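Hi everyone, thanks for coming along. Today I'd like to walk you through one protein model, starting with its overall form and then moving to its pockets and a few residues. Have a look at it with me.

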Amino acid sequence: CLIDGKYYIGQHCGDENDGYLGSGISLKKHIEKHGKENFKREILEYAADRIELDELERKYVSYGEVKDRQCLNRTLGGRVYS
């Protein structure tokens with residue numbers, strides 16, 4: 001968020017120019033409050049498939065991130081496959 005510096009880390013498959021910002025509940029509420037135009041999206045890494053995307057999301061959305069008051073993520077990242 002360009003207004004208060006809060007951030008959300010997520011994953012997305014598809015066109016990187018489609019305007020998608022994420023699906024988190026806290027993120028959606030923040031977008032409603034400040035407007036989509038006050039957010040920027042930064043691509044941290046590219047992945048070959050969903051499994052790799054989940055691995056990367058687990059790496060980035062750790063316990064420390066979830067506890068950070070600036071982070072809009074509320075749960076740990078990435079699905080676990082068994």
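Let's begin with overall size. For 82 residues, a compact globule would have a radius of gyration near 12 Å, and this protein has 13 Å, so the two agree. Please keep in mind that what you see is a predicted model. If you draw a box along the principal axes, the C-alpha atoms fill roughly 40 × 30 × 20 Å.

What about secondary structure? How many helices and strands does the protein have? There are 3 helices and 0 strands, and from the N terminus on the order reads α-α-α. Helix 1 covers residues 25–34, helix 2 covers 50–60, and helix 3 covers 63–67.

Now for the inside and the outside. Of the 82 residues, 26% count as buried. The exposed surface comes to about 6,000 Å², with carbon and sulfur atoms supplying 50% of it. As for how the chain meets itself, take the contacts between residues at least 6 apart in sequence: 55% of those join residues at least 24 apart.

Next, the pockets. Rolling a probe the size of a water molecule over the atoms shows where empty space is left. In this model the largest pocket has a volume of about 970 Å³. Which residues lie nearest its centre? They are Gly10, Gln11, Arg41, Glu42 and Ile43, out of 34 lining residues. Helix 2 gives the most to that lining, with 5 residues. Sorted by class, the lining of the largest pocket holds 18 nonpolar, 7 polar and 9 charged residues.

The second largest pocket has a volume of about 240 Å³. It is lined by 19 residues, and those closest to its centre are Tyr8, Glu57, Asn73, Thr75 and Leu76. Two elements, helix 1 and helix 2, give two or more residues to this lining. Helix 2 gives the most here too, with 3 residues. By class, the lining of the second largest pocket splits into 6 nonpolar, 8 polar and 5 charged residues.

Let's zoom in on some of the residues, beginning with Glu57. You'll find glutamate 57 in helix 2, and I just named it among the residues closest to the centre of the second largest pocket. Is glutamate 57 buried or exposed? Its relative accessibility is 14%, so glutamate 57 counts as buried, since the cut-off for buried is under 20%. Setting aside neighbours within four places in sequence, glutamate 57 is in contact with Ile9, Gly10, Gln11, Gly77 and Gly78.

One of those partners, Gly10, takes us back to the largest pocket, where it is one of the residues nearest the centre. Glycine 10 sits in the segment before helix 1. With 45% relative accessibility, glycine 10 counts as partly exposed. Here is a nice example of the chain folding back: glycine 10 and leucine 56 are 46 residues apart along the chain, yet their C-alpha atoms are separated by 9.4 Å.

Our last stop is a pair of leucines. Leucine 27 belongs to helix 1, and it is buried, with a relative accessible area of 3%. Leucine 72 is in the segment after helix 3, and it is buried as well, with a relative accessible area of 5%.

What does leucine 27 touch? Not counting residues up to four places away in sequence, leucine 27 touches Tyr8, Leu21, Gly22, Phe39 and Leu72. Looking from the other side, and again leaving out neighbours within four places, leucine 72 is in contact with Lys6, Tyr7, Tyr8, Ser26, Leu27 and His30. Notice that Tyr8 appears on both lists.

Two distances to finish. Leucine 27 and isoleucine 3 are 24 residues apart in sequence and 14 Å apart in space, C-alpha to C-alpha. Leucine 72 and glutamate 57 are 15 residues apart along the chain, with their C-alpha atoms separated by 14 Å.

That's my tour. Thank you for listening!

Terms used:
Residues numbered from 1 in each chain as written. Predicted model: local features only at pLDDT ≥ 70, side-chain atom pairs only at ≥ 80, totals over all residues. Heavy atoms only, no water. 1 Å grid on protein atoms, 1.4 Å probe; cavity = no way out; pocket = protein on both sides within 12 Å on 5 of 7 lines; lining within 4 Å. Points joined across faces, edges and corners; volume = space filled by probe spheres on them. Helix = DSSP H or I, 4+ residues; strand = E, 2+ residues; numbered from the N terminus. Nonpolar A, V, L, I, M, F, W, Y, C, P; charged D, E, K, R; others polar. Rg over C-alpha atoms; globule rule 2.2 N^0.38 Å. Buried < 20%, exposed > 50% of the residue type's maximum accessible area, 1.4 Å probe, protein only. Contact = heavy atoms within 4.5 Å. Areas by Shrake-Rupley, 256 points an atom, 1.4 Å probe, with all protein chains shown as cover.
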